[in-house]
Amino acid sequence: MRVAAAMRRMIRRTFTFLAVRRVLCPGVRCFSGGQIDDDASERAGSSHLTEHASLYVHWPYCLRRCSYCNFNKYIPRENNNHIMADCLQRETETLLQLSQVSSITSVFFGGGTPSLAHPSTIAAILETVSRRVDLLDNAEVTLEVNPTPVGMSKLEDYHRAGVNRFSIGIQSLQDDDLTFLGRDHSSHQALRTIEEARRLCPGKVSVDVMFGRPRQSVESWEYELSELLKVCDDHVSLYQLTLERGTQLFKQVQRGEVTLPTDDVTAEMYRCARRTLHQHGFLQYEVSNFARHKAESHHNMSYWRGRQYIGVGPGAHGRFVPVGEGGVIREARTQTLEPDVWIREVQQRGHGTRRRIQLRHLELLEEVLVMGMRMTEGINHKHWELFSPQLGLREVFGTSVHVQELLEGGQLILDDRGLRCSWDGLALLDSILPVLLVELETQILQDPSGIHFWTSLKLLSEGRFSCIFLLN
């Protein structure tokens with residue numbers, strides 16, 4: 001779930017800005033909590049759009065909590081793995097029944113620490129999917145792995161259970177940093193886990209690595225990354241260590257016990273990493289993700305491209321069109337956070353869905369914009385037109401003075417391909433998105449009758465835009 005968590009952090013920062021602006025602007029609707037990830041849904045029209053989805057399965061348990069982590073994870077009071085496994089299967093089946101999905105294109109087991117789950121749990125969930133819908137033969141099935149001896153010892157069994165891609169949480173190759181961060185593995189164990197995972201799934205192993213750590217310099221980061229690239233496979237995810245309120249690290253920084261690198265230093269670390277990865281043949285395809293030999297994560301790309309996904313497990317998020325909604329309204333669903341409460345709800349009614357919220361047209365376009373601009377390819381005109389047939393990218397952004405400044409400054413590109421960040425602009429995405437979102441809101445609200453929304457919805461319901469959420 002590290003990609004999704006990083007995505008939510010960026011969205012939270014962006015939409016907090018937008019929510020504040022809306023509070024200050026009379027007559028403009030405010031977001032609930034300023035988080036699009038908690039109250040969004042999307043509209044799709046033809047049956048083709050609702051038939052395909054990816055599946056995210058959240059295993060909430062960890063053996064310990066890392067000092068920087070505020071993910072939805074829990075230290076179990078007792079071993080109830082068998083109950084969790086049964087409930088994950090049941091909720092998977094229920095949500096597949098509630099959706100109009102007939103095929104699953106990818107599965108991602110995240111957490112928490114899903115490598116604590118027994119391999120039979122993974123196999124049972126995949127069997128549940130196959131029994132209810134079509135699990136495509138070439139479906140990407142990813143499991144996040146904590147690179148401990150226990151995690152490594154189960155890789156082969158996970159592979160036999162149906163996993164064909166591993167995402168390994170290396171975070172650092174410096175043992176002192178791993179200890180400080182609260183990780184329960186060593187650099188040697190991490191390297192051995194990479195080696196074993198590559199043996200089982202050559203070309204389909206990703207590593208997560210973190211920069212911006214205490215005491216880290218640009219030079220030490222460059223050396224560490226170069227060492228990692230000698231042994232890693234074809235996919236790397238970079239994450240800047242962020243200070244999250246309520247974590248042990250946050251308290252240490254507040255007390256002055258720990259200092260993090262400055263913004264200028266972390267920005268240089270990011271530039272250094274992009275340059276180093278490029279030199280080793282990795283192409284950046286998203287803000288935090290790099291791949292070579294076409295090893296992009298198909299599951300994560302489904303987020304950026306707005307495709308349907310079903311979220312199973314405590315705290316999981318999903319986007320799909322439920323049965324009985326006329327095939328038009330895509331819902332954003334959030335499952336109950338606390339595992340014990342979630343288990344009780346699943347046992348009582350088959351699922352632990354806590355929130356179901358629909359998205360109006362402006363919110364839909366905001367999500368398309370935020371997600372699409374994370375990719376190096378950005379948003380092409382055809383993609384945008386499917387969501388906004390009356391207002392194209394040029395109509396929305398081409399006449400804005402503030403957007404024009406970004407275009408002339410070389411941070412943003414708007415051409416025959418579409419709208420995207422330049423190489424330099426992608427590193428400044430957090431500051432670019434508010435400008436784009438304000439301009440989008442201004443253009444959409446100039447049409448108070450809502451004609452663009454209703455025109456789009458009518459065309460969608462007639463099936464005239466049958467490729468929405470399924471673009472390549």
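**Exercise 1. Work out how strand β5 is covered on its two faces.**

Solution. Start with one side: Val205, Val207, Val209 and Phe211 are buried there. On the other side, Ser206, Asp208 and Met210 are buried too, so both faces of β5 are covered. Buried means under 20% relative accessible area, with exposed over 50% and partly exposed in between (1.4 Å probe, protein chains only). Strands and helices are DSSP runs numbered from the N terminus: E with at least two residues for a strand, H or I with at least four for a helix. Now count: 7 of the 7 residues of β5 are buried, so the strand is largely enclosed by the rest of the structure.

Before going on, keep in mind that this is a predicted model, where local features need pLDDT of at least 70 and side-chain atom pairs count only at pLDDT 80 or more, while totals for chains, interfaces and linings use all residues. Residues are numbered from 1 along each chain as its sequence is written, and side-chain values use heavy atoms, with hydrogens and water left out.

**Exercise 2. Find the strands that pair with β5, and give a bridge partner for each pairing.**

Solution. Two strands pair if DSSP finds at least two bridges between them. Step one: strand β4 (residues 165-171) runs parallel to β5, with 5 bridges. One of the residue pairs here is phenylalanine 166 with valine 205 of β5. Step two: β5 and β6 also pair in the parallel sense, over 6 bridges. In this pairing, serine 206 has histidine 235 of β6 as its bridge partner.

**Exercise 3. Check the length of helix α11 (residues 263-279) and say what covers its buried residues.**

Solution. The expected span is 1.5 Å times one less than the number of residues. For the 17 residues of α11 that gives 24 Å, and the end C-alpha atoms are 24 Å apart, so the two agree. Next, list the buried residues: Thr266, Met269, Tyr270, Cys272, Ala273, Arg274, Thr276 and Leu277. Their cover includes β5 (205-211), α9 (218-229), β6 (235-240), β7 (283-286), β8 (289-291) and α18 (423-426); contact means heavy atoms within 4.5 Å. Finally, look just past the helix, where glycine 281 takes a positive phi of about 90°.

Want a second go at the length check? Helix α8 (residues 187-200) has 14 residues and should span 20 Å; its end C-alpha atoms are 20 Å apart, so that agrees as well. The buried residues of α8 are Ser187, Ala190, Thr193, Ile194, Glu196, Ala197 and Leu200.

**Exercise 4. Classify the aromatic pair of tyrosine 56 and phenylalanine 108, then that of phenylalanine 211 and tyrosine 270.**

Solution. Rings of Phe, Tyr and Trp (its six-membered ring) pair if their centres lie within 6.5 Å; planes under 30 degrees apart count as stacked, over 60 as edge-to-face and the rest as tilted. A search of the whole structure finds 7 aromatic pairs. Tyrosine 56 and phenylalanine 108 sit 6.2 Å centre to centre with 25° between the planes, and the pair is stacked. Tyrosine 56 lies in strand β1 (residues 52-59) and phenylalanine 108 in strand β2 (residues 103-111), so the pair ties together parts 52 residues apart in sequence. Tyrosine 56 is buried at 1% relative accessibility, and phenylalanine 108 is buried at 6%.

For phenylalanine 211 and tyrosine 270, the centres are 6.3 Å apart and the planes are at 20°, so this pair is stacked. Phenylalanine 211 belongs to β5 and tyrosine 270 to α11, so the pair ties together parts 59 residues apart in sequence. Phenylalanine 211 counts as buried at 3%, and tyrosine 270 does at 10%. Ring pairs link Phe211, Trp221 and Tyr270 into a cluster.

**Exercise 5. Identify the ring beneath arginine 274 and the ring beneath arginine 215.**

Solution. A charge sits over a ring if NZ of Lys or CZ of Arg is within 6 Å of the ring centre and within 35 degrees of the ring normal. Arginine 274 lies over the face of tryptophan 423, 3.8 Å from the ring centre. For arginine 215, the charged end sits over the ring of phenylalanine 180, at 5.6 Å from its centre.
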